[in-house]
Amino acid sequence: MIHTMSIHCPHCQSKNLVKQGLTGNGTQKWQCDSCRKHFRLFCRYKAWEAGTKEKIIELTLNSSGVCDISRTLHINRNTVCSALKKNAAK
Ligand SMILES: [Zn+2]
């Protein structure tokens, strides 16, 4: 049985991808030929996954506290606090 998985860029949805070596833990790194950004398919930590920062901001706008967001997204409270501080600085 053969399983195939189509890979596309999380930034621009392009399928023009090039392998860009391995990370320290052996995960494949990819580079998009269209937008030239790098990404990995699997993240070691949930906080590094694409879209986590946007979820934190969205939950904050819905009046969720730091502990609520931490429990909902399964990430550390300090990660939530630092993401909010970085967003406030912008
Ligand atoms: Zn791209």
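## The loop between β2 and β3

Arg36 is found in the loop that joins β2 and β3, in what is a predicted model. Although Arg36 is not a glycine, its phi is positive, at about 65°. The relative accessibility of Arg36 is 48%, and because values between 20% and 50% count as partly exposed, that is how this residue is described.

## The zinc site

The zinc ion is held by four cysteine sulfur atoms, namely the SG atoms of Cys9, Cys12, Cys32 and Cys35, which lie 2.2 to 2.4 Å from the ion. Read along the sequence, these donor residues follow the spacing C-x2-C-x19-C-x2-C. The angles that the 4 donor atoms subtend around the zinc ion run from 103 to 120°, and the arrangement is therefore tetrahedral.

Two of these donor residues can also be described by their accessibility. Cys9 has a relative accessibility of 0% and so counts as buried, whereas Cys12, with a relative accessible area of 35%, is partly exposed.

## Two domains and the pocket between them

The domain assignment divides the protein into domain 1, covering residues 1-42, and domain 2, covering residues 46-89. Between the C-alpha centres of domain 1 and domain 2 there is a distance of 25 Å.

The second largest pocket, with a volume of about 260 Å³, lies between these domains, because domain 1 and domain 2 both give residues to its lining. That lining is made up of Pro10, His11, Lys29, Trp30, His38, Phe39, Arg40, Leu41, Cys43, Trp48, Glu49 and Ala50. Two elements, β2 (28-32) and β3 (38-40), each give two or more residues to the lining of the second largest pocket, and β3 gives the most, with 3 residues. Sorted by class, the lining residues of this pocket comprise 7 nonpolar, 2 polar and 3 charged.

## The largest pocket

The largest pocket holds about 420 Å³ of space. It is lined by 16 residues, of which Ala47, Thr52, Lys53, Ala83 and Lys86 are the closest to the centre of the pocket. The elements that give two or more residues to this lining are the helices α1 (52-61) and α3 (77-89).

As for the character of the lining, the largest pocket has 6 nonpolar residues, together with 5 polar and 5 charged ones.

## Two serines in the helical part

Ser63 lies in the loop between α1 and α2, the latter covering residues 66-73. Like any residue singled out for this feature, Ser63 is not a glycine and yet has a positive phi, of about 65°. Its relative accessible area is 68%, and because a value over 50% counts as exposed, Ser63 is placed in that class.

Ser82, by contrast in its setting, is found in helix α3. With a relative accessible area of 32%, Ser82 is partly exposed. Along the chain, Ser82 and Glu54 are 28 residues apart, and in the model their C-alpha atoms are separated by 13 Å.

Key
Residues numbered from 1 in each chain as written. Predicted model: local features only at pLDDT ≥ 70, side-chain atom pairs only at ≥ 80, totals over all residues. Heavy atoms only, no water. 1 Å grid on protein atoms, 1.4 Å probe; cavity = no way out; pocket = protein on both sides within 12 Å on 5 of 7 lines; lining within 4 Å. Points joined across faces, edges and corners; volume = space filled by probe spheres on them. Helix = DSSP H or I, 4+ residues; strand = E, 2+ residues; numbered from the N terminus. Nonpolar A, V, L, I, M, F, W, Y, C, P; charged D, E, K, R; others polar. Domains from an automatic or database assignment. Donors = N, O, S within 2.8 Å, 3.2 Å for Na, K, Ca; no water. Tetrahedral: all angles 85-135°; square planar, octahedral: opposite > 155°, others 65-115°. Buried < 20%, exposed > 50% of the residue type's maximum accessible area, 1.4 Å probe, protein only.
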